[in-house]
Amino acid sequence: MRNDHLNTVVKLLAAFLVISVSTVVAVVLMRHNPALVTTAVWIRTPLVAASAAVLLLLSRRAAAGHRSSFRRLRIIAMVVLAAIVGVVAWPGAFPAWLRIEQAVCGVFVASVVVRTNLRVVRSAMAGSSGETAAQR
């Protein structure tokens with residue numbers, strides 16, 4: 001059961017990374033339009049792509065049974081989700097196109113937060129011996 005949920009988490013975060021990197025590419029392509037690409041967009045989009053990459057790495061390690069990676073995944077996913085909600089909810093701070101993109105990413109990250117906080121997944125990870133075996 002744990003692996004099914006965590007394998008889905010890996011897929012969700014891979015999609016999040018693809019969307020985030022695509023957004024960075026779009027920002028570079030639209031760089032000459034200051035109405036679409038503000039300083040806040042230049043700062044936010046690479047940070048989101050980096051966080052997506054970190055989350056994907058952690059999810060792969062968690063799916064392999066690493067409890068510390070699972071713990072970090074749960075915490076960072078909640079922080080990323082809170083930041084996404086802030087971006088989407090803060091009117092005028094970001095262009096509408098980025099707020100829409102962030103809302104889509106938020107759906108993926110919210111699903112990750114829900115799945116990683118399911119009792120069955122947390123219980124399975126608590127009993128996981130993947131990290132103990134790797135440290136020996």
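**Close-up views of a six-helix chain**

**View 1. Helices H2 and H4 are roughly parallel to each other, since the angle between them lies under 35 degrees**. In this predicted model, helix H2, which covers residues 39-63, packs with helix H4, which covers residues 96-116, at an angle of about 15° and with the two axes 12 Å apart. The crossing that H2 and H4 form is left-handed. On the H2 side the contact is made by Val41, Arg44, Thr45 and Val48, and these residues meet Trp97, Leu98 and Gln102 on the H4 side. Sorted by class, the residues in this contact of H2 with H4 are four nonpolar, two polar and one charged.

**View 2. Helices H2 and H3 cross at roughly 155°, and their axes come within 9 Å**. Because an angle over 145 degrees counts as roughly antiparallel, H2 is described as roughly antiparallel to H3. Where H2 passes H3, the crossing is left-handed. From H2, the residues that take part are Arg44, Ser51, Val54, Leu55, Leu58, Ser59, Arg61 and Ala62, while H3 contributes Ser69, Phe70, Arg72, Leu73, Ile76, Ala77, Val80, Ala83, Ile84 and Val87. By class, this contact of H2 with H3 holds 12 nonpolar, three polar and three charged residues.

**View 3. Helix H3, residues 67-89, packs with helix H5, residues 119-126, at an angle of about 150°, with 9 Å between their axes**. This angle makes H3 roughly antiparallel to H5, and the crossing in which H3 passes H5 is left-handed. In the contact itself, Arg67, Phe70 and Arg74 of H3 meet Val121, Arg122, Met125 and Ala126 of H5. The contact of H3 with H5 is made up of four nonpolar and three charged residues, with no polar residue among them.

**View 4. Arg44, a residue of helix H2, is shown with its surroundings**. With a relative accessible area of 15%, Arg44 is buried, because the value lies under 20%. When its neighbours within four places in sequence are left aside, Arg44 is in contact with Ala83, Ile84, Val87, Phe94, Leu98 and Gln102. Arg44 takes part both in the contact of H2 with H4 and in the contact of H2 with H3. As for Asn117, it stands 73 residues from Arg44 in sequence, and the C-alpha atoms of the two residues are 27 Å apart in space.

**View 5. Gln102, a residue of helix H4, is shown with the residues that it touches**. Its relative accessibility is 1%, and Gln102 therefore counts as buried. Not counting residues up to four places away in sequence, Gln102 touches Arg44, Val48, Ile84, Val87 and Val88. Two of these partners, Arg44 and Val48, belong to the H2 side of the contact between H2 and H4, whereas Ile84 and Val87 are among the H3 residues that meet H2.

**View 6. The whole chain, for orientation, has six helices and zero strands**. From the N terminus on, its elements run α-α-α-α-α-α. The C-alpha atoms fill a box of roughly 55 × 25 × 20 Å, taken along the principal axes, and 38% of the 136 residues count as buried. The accessible surface comes to about 7200 Å², of which 67% belongs to carbon and sulfur atoms. Among contacts between residues at least 6 apart in sequence, 76% join residues that are at least 24 apart.

Technical notes: Residues are numbered from 1 along each chain as its sequence is written. This is a predicted model: local features need pLDDT of at least 70, side-chain atom pairs count only at pLDDT 80 or more; totals for chains, interfaces and linings use all residues. Side-chain values use heavy atoms; hydrogens and water are left out. Axes are lines fitted to C-alpha atoms, for helices over the stretch in contact, and angles run from 0 to 180 degrees between N-to-C directions. Helices (H or I, at least four residues) and strands (E, at least two) are DSSP runs, numbered from the N terminus. Angles under 35 degrees count as roughly parallel, over 145 as roughly antiparallel, 65 to 115 as roughly perpendicular and the rest as oblique. A crossing is left-handed if the near helix is turned anticlockwise from the far one by less than a right angle, and right-handed if clockwise. Contact means heavy atoms within 4.5 Å. Ala, Val, Leu, Ile, Met, Phe, Trp, Tyr, Cys and Pro count as nonpolar, Asp, Glu, Lys and Arg as charged, and the others, Gly among them, as polar. Buried means under 20% relative accessible area, exposed over 50%, partly exposed in between (1.4 Å probe, protein chains only). Accessible areas come from the Shrake-Rupley method with a 1.4 Å probe; for residues, only the protein chains shown count as cover.
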